[in-house]
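Student: Could we go through this model together, one question at a time? I'd like to see how each answer is reached.

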Amino acid sequence: MAAAIVEARGLHKHFGALHVLKGVDLDVAERELVFVIGPSGSGKSTLLRCLNRLEEPSAGSIMVDGINLLDPRTDINHARQRIGMVFQSFNLYPHMTALGNVTLALRKVAGKSRGEADAIGRQALERVGLGDRAGHTPGQLSGGQQQRVAIARSIALEPRVMLFDEPTSALDPELVGSVLGVMRDLRDSGMTMVVVSHEMGFARNAADRVLFMDEGVVVEQGPPAAIFENPSHDRTRAFISQIQRH
Amino acid sequence: MSKWEKFLDTFFNARVMEKYLPDILSGVLVTIELAVLIVISGLVAGLALALVRSLGLRPLNWLIIFVVDLFRSLPPLVIIVLMYFGLPAADVSPSGFVSTWISLALVLMSFSEEIFWAGITSIPKGQWEAARSTGLSFGQTLINVILPQALRLTIPPLTNRTIAITKGTALGTVVAVTEILGQASSAVSNSYNPSPLMMGAAAYIVLFLPVVVIGRWIETKFAWKR
């Protein structure tokens with residue numbers, strides 16, 4: 001097995017009295033696509049957000065690409081360049097063009113000159129099929145295009161792992177395909193990915209491993225076929241039959 | 001003399017106006033000096049306070065909120081008078097000009113801090129998260145992502161408040177500042193004719209109308225394509 005890019009151990013997260021993560025372990029190997037499913041409130045988004053410390057875990061340890069994320073001596077801003085994140089609501093900067101969105105961190109964090117950053121940024125936009133939209137502001141783009149710009153913003157920094165937090169949930173059904181297409185290309189290029197999503201079709205044919213979470217714990221995990229066709233837990237079975245009913 | 005001629009002779013007396021024009025003009029100059037000082041120092045201080053407040057340090061924020069609420073609730077005239085007549089008791093004797101400047105700058109600082117703060121907090125949390133997730137620091141995110149959006153939202157209320165407070169320079173008359181209103185009222189007493197007051201009113205319009213227009217121009221300039 002390839003080296004682990006992400007190694008999370010015993011993650012706990014409390015929001016006040018709410019215990020959202022109750023001891024979660026997660027290993028993600030290089031080039032692996034791990035798909036996280038589970039009912040809402042199961043802690044899957046919180047788990048993802050802990051992996052780049054947008055949420056501070058209450059307990060546990062996280063290693064990403066050999067960096068101890070929870071060590072106070074770790075430069076979190078430096079580490080976050082290696083961890084791309086794509087959000088449900090895109091979160092593009094509305095006052096900047098698509099290219100501006102993609103190049104901001106390249107210039108401010110990676111220390112590239114404007115010329116270098118623009119070249120890398122255009123390449124990233126090319127990769128998500130939006131090379132001709134570099135000068136458009138988010139308001140001039142469809143939801144699917146906005147999400148692809150958000151993906152370009154992440155991949156431009158050449159992350160070692162990318163986290164997707166329900167990347168297609170805010171999209172009209174006809175726009176989902178374009179975003180999933182970009183994610184599939186990324187996967188084929190060998191990007192390590194952790195995806196929280198309800199796109200079961202995508203999970204079935206693109207994921208290496210599916211993780212089912214409920215009430216803050218990983219109930220079971222395995223290859224997509226095993227989880228979808230032959231789950232060993234009742235809760236997994238109930239969730240999957242519910243999802244597939246419509 | 002008809003009623004109309006009488007009116008003109010009283011309020012727009014050419015002879016009086018000519019005589020006191022230099023005084024009014026020197027008043028305009030003082031008002032401009034005061035206004036520029038108040039606007040610059042008040043807005044800079046207000047923005048600085050809002051930025052400090054965004055750091056989220058509890059005791060410091062309580063202090064900021066206390067100061068800001070205090071200066072927003074006191075009438076500006078009271079602050080000017082307290083500073084001019086009260087501070088000498090503490091062996092500091094600011095001139096009328098300085099008292100008016102500092103007082104109104106403090107008031108503008110307080111109102112603008114609240115406006116800047118409202119702008120900053122109105123930017124969705126997702127903007128912070130997206131920027132931080134690409135490795136931008138708190139400060140870089142604030143300056144490159146949050147402020148440009150927040151400032152755009154704050155321009156209309158900020159323009160209104162700035163004009164309202166800057167007009168308060170007229171309050172300087174009570175502490176003998178020779179700004180427009182001060183010059184106009186002494187001219188009225190000396191000439192027994194209210195025409196200088198009309199000149200003063202005209203001067204305020206000439207002075208503040210461009211500010212309103214500039215505010216509107218900035219608003220359109222800062223608007224981005226949606």
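Student: Happy to start with the rings. How many aromatic pairs does the structure hold over all chains?

Tutor: Keep in mind that this is a predicted model. Ring centres have to lie within 6.5 Å to pair. Over all chains, the number of aromatic pairs is eight.

Student: Take A:F35 and A:F202: is that pair stacked, edge-to-face or tilted?

Tutor: Their ring centres are 6.3 Å apart, with the planes at 45°. Stacked needs planes under 30 degrees apart and edge-to-face over 60. The angle for A:F35 and A:F202 falls in neither range, so the pair is tilted.

Student: How many residues apart in sequence are the parts that this pair ties together?

Tutor: A:F35 sits in strand β3 (residues 33-37) of chain A, and A:F202 belongs to helix α7 (residues 200-206) of chain A. The pair therefore joins parts whose separation in sequence is 167 residues.

Student: Is A:F202 buried or exposed?

Tutor: The cut-off for buried is under 20% relative accessible area. Its partner A:F35 meets that at 0%. A:F202 has a relative accessible area of 4%, so A:F202 too counts as buried.

Student: Which helix does A:F212 reach through its pairing with A:F239?

Tutor: A:F212 and A:F239 make a tilted pair, 5.3 Å centre to centre with 40° between the planes. Both residues are buried. A:F212 lies in strand β9 (residues 209-214) of chain A, and 27 residues away A:F239 lies in helix α9 (residues 234-244) of chain A. The helix you want is α9 of chain A.

Student: Now the interface, please. What area do chain B and chain A bury between them?

Tutor: The contact involves 20 residues of chain B and 24 residues of chain A. Of the area they bury, 57% is on carbon and sulfur atoms. The total buried between the two chains is about 1900 Å².

Student: Which three residues supply the most of the area that chain B buries against chain A?

Tutor: Together they supply 27% of that area, more than any other three residues. They are B:E129, B:S133 and B:T134.

Student: Which residue forms a salt bridge with B:E129?

Tutor: One salt bridge is found across the interface of chain B and chain A. The closest N and O atoms are 2.6 Å apart, and the cut-off is 4 Å. The partner of B:E129 is A:R49.

Student: And which element gives the most to the side of chain B that touches chain A?

Tutor: Both α6 (125-133) and α7 (138-166) of chain B supply at least two residues there. With eight residues, the top contributor is α6(B).

Methods. Residues numbered from 1 in each chain as written. Chains lettered and ligands numbered in written order. Predicted model: local features only at pLDDT ≥ 70, side-chain atom pairs only at ≥ 80, totals over all residues. Heavy atoms only, no water. Contact = heavy atoms within 4.5 Å. Buried area = accessible area lost by both parts, 1.4 Å probe. Salt bridge = Lys/Arg side-chain N within 4 Å of Asp/Glu carboxyl O. Helix = DSSP H or I, 4+ residues; strand = E, 2+ residues; numbered from the N terminus. Phe/Tyr/Trp six-rings, centres within 6.5 Å; stacked < 30°, edge-to-face > 60°. Buried < 20%, exposed > 50% of the residue type's maximum accessible area, 1.4 Å probe, protein only.
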